[in-house]
Amino acid sequence: MLRRCLVFAALLFWYGGATFYASVVIPVGLHTLQPPGLQTFVTRTVTLILNLAGVVVLVLFAWDVTAVRDPRSGRRLARWLSWAGMLLTLVALTWLHRRLNQLMDVEKLRILDHEALKPLHRLYLGLSVLQWACGTAFVLLTLYAWRAEENKGAQI
């Protein structure tokens with residue numbers, strides 16, 4: 001039960017937090033901050049925290065995939081594949097985050113090279129969506145795995 005509670009809390013914080021940030025905070029920030037480009041400097045800090053949290057979360061998720069006695073090996077493999085997708089996108093996002101930071105002057109709240117930043121930012125957004133999709137798959141597969149584990153235990 002402790003493991004599941006930790007995984008659930010991690011899902012709420014990391015996956016849910018990223019979902020809320022992307023769907024609510026960014027649009028509100030773009031509408032509220034003047035000029036709207038200032039949102040970039042808020043996002044820079046938030047994504048750093050999300051990426052750091054992702055490291056802890058993925059350790060918890062790996063623990064859960066390893067520990068769950070899922071009777072379906074295909075689902076276990078699918079959980080590992082969705083986990084691997086989250087890990088690979090996290091590695092790429094972490095690298096891109098560093099590269100994007102190099103194109104910003106944080107003290108003066110300026111973008112140093114808009115033309116270099118645009119394609120990297122688009123790639124960052126695309127990888128974030130891919131990571132979110134892998135997270136969605138992981139959530140669904142995890143719920144089914146937990147239910148199967150409980151049903152298997154109830155039969156004993």
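**Exercise 1. Decide whether Arg 4 is buried or exposed, and identify its salt-bridge partner.**

Solution. Arg 4 has a relative accessible area of 14% in this predicted model, and because buried means under 20% relative accessible area, Arg 4 is classed as buried. The next step is to look for an acidic partner: Arg 4 forms a salt bridge with Glu 149, with 2.8 Å between the closest N and O atoms. Arg 4 belongs to helix 1 and Glu 149 to helix 4, so the pair ties together parts that lie 145 residues apart in sequence. Glu 149, at 10% relative accessibility, also counts as buried. Finally, the pair can be placed in its wider setting, since Arg 3, Arg 4, Asp 64, Arg 79, Glu 149 and Glu 150 are linked in a network of salt bridges.

**Exercise 2. Determine how the salt bridge of Arg 75 with Asp 70 and that of Glu 115 with Lys 118 are each placed with respect to burial.**

Solution. Begin with Arg 75 and Asp 70, whose closest N and O atoms are 2.7 Å apart in a salt bridge. Arg 75 counts as buried at 12% relative accessibility, and Asp 70 counts as buried at 9%. Turn then to Glu 115 and Lys 118, whose side chains meet in a salt bridge with an N to O distance of 3.9 Å; this value passes the test because the cut-off is within 4 Å. Glu 115 counts as exposed at 58% relative accessibility, whereas Lys 118, at 41%, counts as partly exposed. These two residues are three apart in helix 4, and are therefore separated by about one helical turn. By the rule applied here, the count of salt bridges comes to seven.

**Exercise 3. Describe the largest pocket by its volume, its lining and the helices that supply that lining.**

Solution. The volume comes first: the largest pocket holds about 880 Å³ of space. Its lining consists of 35 residues, of which Ile 26, Thr 43, Thr 47, Tyr 124 and Leu 125 are the closest to the centre. To trace where the lining comes from, note that helix 1 (2-32), helix 2 (39-67), helix 3 (73-101) and helix 4 (114-155) each supply at least two of its residues, and that helix 4 provides the largest share, eleven residues. The last step is to sort the lining by class, which gives 19 nonpolar, 14 polar and two charged residues.

How values were computed: Residues are numbered from 1 along each chain as its sequence is written. This is a predicted model: local features need pLDDT of at least 70, side-chain atom pairs count only at pLDDT 80 or more; totals for chains, interfaces and linings use all residues. Side-chain values use heavy atoms; hydrogens and water are left out. On a 1 Å grid over the protein atoms alone, a cavity is a set of points where a 1.4 Å probe fits but cannot get out, and a pocket is an open set with protein on both sides within 12 Å along at least five of seven lines; lining residues have an atom within 4 Å of a point. Grid points are joined across faces, edges and corners, and a volume is the space filled by probe spheres set on the points. Helices (H or I, at least four residues) and strands (E, at least two) are DSSP runs, numbered from the N terminus. Ala, Val, Leu, Ile, Met, Phe, Trp, Tyr, Cys and Pro count as nonpolar, Asp, Glu, Lys and Arg as charged, and the others, Gly among them, as polar. Buried means under 20% relative accessible area, exposed over 50%, partly exposed in between (1.4 Å probe, protein chains only).
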